[in-house]
Amino acid sequence: MNEPTRNPRELGKPMNRVDGRLKVTGAARYSAEFFPQGVLHAYALKSPISSGRIRELDVTAAETATGVRAVITHVNPPKIKQPNPDSDSGGGLMNEHRLPLSDDRISYGGQYVALVVADSLEHARHGASLIRIRYEEKVPALKPEQARETAKRPSKHNEEQVQLKKGDVEQALGDQQLVIMERIYDTPVETHNPMEPSATIAEWVDEDHLTLYDATQYVKGVQDLISQAFGLKKENVLVKSPFVGGAFGCKGAVWPHVFLTVMAAKAARAPVKFAISRQDMFSGIGHRTSTTQTIAFAANPDGKLQAIRHRVETLSSPVGEFVEICGARSTGVLYASPAIQVEETVFQVNVATPTFMRAPGECPGTFAVECAMDELAVQLKVDPLQLRIINHSDRHPIQDKPWSTKFLKDAYRLGAEKFGWQNRTPEPRSMRKDGKLVGWGLATATYPAHQMKAEVTAILSADGRAVVQCAAHDLGTGAYTVLTQISAEALGIPVESVTFELGRSDLPFGPVAGGSNTTATVGSAIYDAAADLHRSLMKLASADAQSPLHRVELDQMVLMGEGRLTSKEDASKSDRYVDILRRAGKESLVGHGKFGRSKSEKSPTAFQSFGAHFCEVQIDPEFPLVRVTRFVSVMDCGRVMNAKTARSQILGGVVMGIGMALHEQTVYDPATGLPVTRNLADYHVPVNADIRDIEVHFVGEPDYEFNPMGARGMGEIGITGTAAAVANAVYHATGIRVRDLPITLDKLMRSS
Ligand code: MOS
């Protein structure tokens, strides 16, 4: 049924964003930009300590302050029920499990301890300043060495294998005949800084009906957890999120502020808006955990790997659970080796619970492995590109299954050619330009191809236009546009005739916009809905004596991509959708589709994307600020759905990876545990001046085994391997190996 149209027109085109005009004119409204009648504003008071209890609390001055309508603390919280997050069966996600204000315990700095609701944000903030709290303070644990007794080795996290073991790693690492290398890499905490901070508006329509505007990657997940927590029927909770200004993972789970906003609207008997400040994004919505990763290699002198051991230490909090699966998602999929071992240990510290951040696991994981590969290449005097080709995995290195498609060698070849890799002289400090040290480095990128569950409704009108619906999300990724293109292609009508609706919980089920799955999942469900719609059209045509397709068998009809069906045998027999509907006297025709793939581990094929990054840095030898002057990325993500938005996804991933390599680091005060770098002046992300020339190419070979579009996701792979490519280029330029990110100039001065 999922037969492609005979003359595909829409897919692959560099189509402009369908929502581009709305965005540049400011007409696209984000969650905090809605103003329900009588909306009140919430401001949260945050804990200045990271571990302990609230001993005394006095809110009397706050309650009587000008404009204040409600003050909620752990003493008087509206009662709510602990929801059960179950994203595997279409439910919501929660990383912080403790409900806000549920007791007097403090588990991390910045924890919400009170919410003040007032007629203006200023009054709410003033009210909060009048609350008096006395804390009983304990010494917080902030690092693994302060939390040794909390160490855990989860075998699985959300059904995914965390620890891996294949072959005898220890034996190979003790083998005198082999080249042995062991290195430790550190990555700091990084915090999501989308343009749009998180925000929620809650409006109780009546006792049993609730409307939310929420900046979220998962409207159905918010609907699920909020309905559970407040004892409402799911369908009575409407979550709207038409536009999201970036997310990168921090809007995937339901965080305390969402529950708090609904509680506040209940207590104040009015709609409440709670917009998270940039500062509070540093404790309230998750972050990427810091990691310490130890990579050990045993290799033949020619470079062939005989063993890889990847040990990982990451952090989580006392009030939640998250595992940044660094080893399994990098070493577990990258290189062929008879022995592979991945061990990951998670420590509980008094810092807010971490969460997914663009390529969680793969991103820090590939930093460690891809730097280690570069170090091994240096040690063996093998070209680092050659070393990767020698160890290319023709099958999944752990599951020993074939890949659906893998064109990594083509990505290496094309990238090397575009970059000019053959002109590299291997010796560090051997290349110079205009008095600057020049360094060239490379790394492999990888990210799994995920598909989840989705349902789609396609409504074809008598005028030939179609509305296609799914509770999916556009985080700024281009989903509105790509899903419009896929709909046009699948329905066989021009792209101008399609309106795609998403970002509302009353639409057919859409999965979390995470794991780079939207295009693949929702696209597949679109094809199914289109097939359903076509069946109805074909039946109408076949039964209609007026139709040129009268009595033509359904399987003898094909789509011609012009809003028409045509006989396979006789191309002169053709009927337009609009004519079929008109003659049948129908205003519209509806098609329903769904898609749900079982977990990839159970499939006989492994679905994974790969890519190659080539990076040039230039560094002043006297004042070693690192400038990334050139970057070439070649990605193998299946068929490209939209050349423009696809490029933007990879470009954005590379920019964020450069930020990881050179700038980003969330610093916590060792005395209080509070984030110190909590604005965009102190927490550095790349700006225009940091980014020069980035080239993006795609191999573009379709993966039809994966889905009818042949496409794998692109949202996250761009950031994987990027920081390693930069670090490897910095080593090549300077001879200094920096193994702890970010690579700030002090590290290059200190070691030289
Ligand atoms: Mo992405 S970190 O899976 O939202």
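Is Cys637 buried or exposed, and what is its relative accessible area? Keep that one in mind for Exercise 2. A word on the model: it is predicted, so local features need pLDDT of at least 70 and side-chain atom pairs count only at pLDDT 80 or more, while totals for chains, interfaces and linings use all residues. Residues are numbered from 1 along each chain as its sequence is written, and side-chain values use heavy atoms, with hydrogens and water left out.

**Exercise 1. Describe the overall fold of the chain.**

Step 1. Start with secondary structure: the chain has 16 helices and 29 strands (DSSP runs numbered from the N terminus, helices being H or I with at least four residues and strands E with at least two).

Step 2. Check the overall size. A compact globule of 752 residues would have a radius of gyration near 27 Å, and the chain agrees, with 27 Å (taken over C-alpha atoms; the globule rule is 2.2 Å times the number of residues to the power 0.38). Along the principal axes, the C-alpha trace spans about 85 × 75 × 50 Å.

Step 3. Look at the contacts (heavy atoms within 4.5 Å). Of those between residues at least 6 apart in sequence, 80% join residues at least 24 apart.

Step 4. Finish with burial: 62% of the 752 residues are buried (under 20% relative accessible area; exposed is over 50%, partly exposed in between, with a 1.4 Å probe and protein chains only).

**Exercise 2. Hunt for disulfides, then place Cys250 and Cys637.**

Step 1. A disulfide is a covalent bond between the sulfur atoms of two cysteines; here the test is a pair of cysteine sulfur atoms within 2.5 Å. Searching the whole structure turns up zero.

Step 2. Take Cys250. Its closest cysteine sulfur, in Cys363, is 15 Å away, so that's too far for a bond. Cys250 is also buried, at 1% relative accessible area.

Step 3. Now Cys637, which is in no disulfide either: the nearest cysteine sulfur, again that of Cys363, is 15 Å away. As for the opening question, Cys637 is buried, with a relative accessible area of 0%.

**Exercise 3. Characterise the largest cavity and the second largest pocket.**

Step 1. Set the terms. On a 1 Å grid over the protein atoms alone, a cavity is a set of points where a 1.4 Å probe fits but cannot get out; a pocket is an open set with protein on both sides within 12 Å along at least five of seven lines; lining residues have an atom within 4 Å of a point. Grid points are joined across faces, edges and corners, and a volume is the space filled by probe spheres set on the points.

Step 2. The largest cavity has a volume of about 60 Å³. Its lining includes Cys250, Asp214, Lys251 and Trp255.

Step 3. The second largest pocket holds about 690 Å³. Of its 30 lining residues, the closest to the centre are Leu142, Lys143, Val189, Ser290 and Leu315. Strand E16 gives the most to this lining, with four residues.

**Exercise 4. Pick out the unusual backbone spots.**

Step 1. The peptide bond from Leu741 to Pro742 is cis, with omega near -5°. Pro742 sits in the loop between helix H15 (722-734) and helix H16 (745-750).

Step 2. Leu101 has a positive phi of about 60° without being a glycine, and at 3% relative accessibility Leu101 is buried.

Step 3. Arg429 also has a positive phi of about 60° and isn't a glycine, but Arg429 is partly exposed, at 40%.
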